[in-house]
Amino acid sequence: MSESGTQRISALSGHCSIGKSGEISTDGSAGVILENVEELLLHQVAGWADTMDMVGSQIAKAVKVESAPGPGQAVVGEEGALLRVEPMKWWIIGAAAPEISPEHGATLDLSHSRTRIRISGPYAVEFLNRFLPLDLRERSFPQGSVASSAIHHVGVTLWCADGHYDLFVPRGFALFVWEGLVDVARQFGLEIV
């Protein structure tokens with residue numbers, strides 16, 4: 001639930017048919033696994049130029065990590081994750097944002113504005129490179145990396161998490177992006193979980 005107590009419903013609810021399709025290997029495994037992550041608690045926190053260290057310290061305490069990540073990086077703590085999505089903005093995933101004084105920064109609940117799609121499987125990188133102009137090789141985009149990009153002119157955020165990628169898509173474009181992902185994933189063997 002979001003802070004307001006309103007149950008969040010994913011834009012993809014009712015549009016994800018669980019199962020396998022496409023070029024499934026002879027051993028029954030899929031090359032790409034897609035998942036609509038239903039629950040999303042997402043807050044954006046911005047700091048001002050002269051308060052970034054102070055705000056970073058506050059949000060690091062909120063998710064119980066040593067320090068806030070630098071640009072293009074993410075850290076996972078006991079209470080959630082912090083993603084540095086822009087030079088002066090972080091996303092807090094899975095935890096509420098701390099109270100930030102307007103003199104120091106601003107917070108915004110984005111929980112209902114994004115859809116989170118998890119992508120994994122042995123062909124996840126090759127699959128994602130059909131859509132994103134990013135170098136996703138391990139040496140260039142290791143675990144804990146975050147990047148903003150676009151899929152068919154739709155701004156998206158990609159996070160390389162532990163053994164998978166999380167793609168954050170604006171709610172109004174989620175079904176459009178999902179249908180494109182499903183169509184292309186079938187050539188690798190698709191499993192929707």
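**Helix, sheet and salt bridges**

User: Happy to start with helix 1: at about what angle does helix 1 run to strand 6?
Analyst: In this predicted model, helix 1 spans residues 52–63. Helix 1 lies across strand 3 (42–47), strand 5 and strand 6. Its angle to strand 6 is about 10 degrees.

User: Which strands stand at the edges of the sheet?
Analyst: The open sheet has 5 strands in the order 4-5-6-3-7, with antiparallel pairing. An edge strand here has a single partner strand, so one side is left without a neighbour in the sheet. That applies to strand 4 (74–76) and strand 7 (105–109).

User: Which residue in strand 6 does R84 stand opposite?
Analyst: Strand 5 (residues 81–86) and strand 6 (residues 89–93) pair in the antiparallel sense over 5 bridges. Opposite R84, in strand 6, stands W90.

User: Good, now the salt bridges: how far apart are the closest N and O atoms of K64 and E79?
Analyst: The structure holds 7 salt bridges, and K64 with E79 is one of them. This pair links distant parts of the chain, with K64 in the loop between helix 1 and strand 4 and E79 in the loop between strand 4 and strand 5, 15 residues apart. The closest N and O atoms of K64 and E79 are separated by 3.7 Å.

User: In the salt bridge of D183 with R186, which residue counts as exposed?
Analyst: The closest N and O atoms of the two are 3.3 Å apart. R186 has 35% relative accessibility, so R186 counts as partly exposed. At 53%, above the 50% cut-off, the residue that counts as exposed is D183.

Technical notes: Residues are numbered from 1 along each chain as its sequence is written. This is a predicted model: local features need pLDDT of at least 70, side-chain atom pairs count only at pLDDT 80 or more; totals for chains, interfaces and linings use all residues. Side-chain values use heavy atoms; hydrogens and water are left out. Two strands pair if DSSP finds at least two bridges between them. Helices (H or I, at least four residues) and strands (E, at least two) are DSSP runs, numbered from the N terminus. Contact means heavy atoms within 4.5 Å. Axes are lines fitted to C-alpha atoms, for helices over the stretch in contact, and angles run from 0 to 180 degrees between N-to-C directions. A salt bridge is a side-chain nitrogen of Lys or Arg within 4 Å of a carboxyl oxygen of Asp or Glu. Buried means under 20% relative accessible area, exposed over 50%, partly exposed in between (1.4 Å probe, protein chains only).
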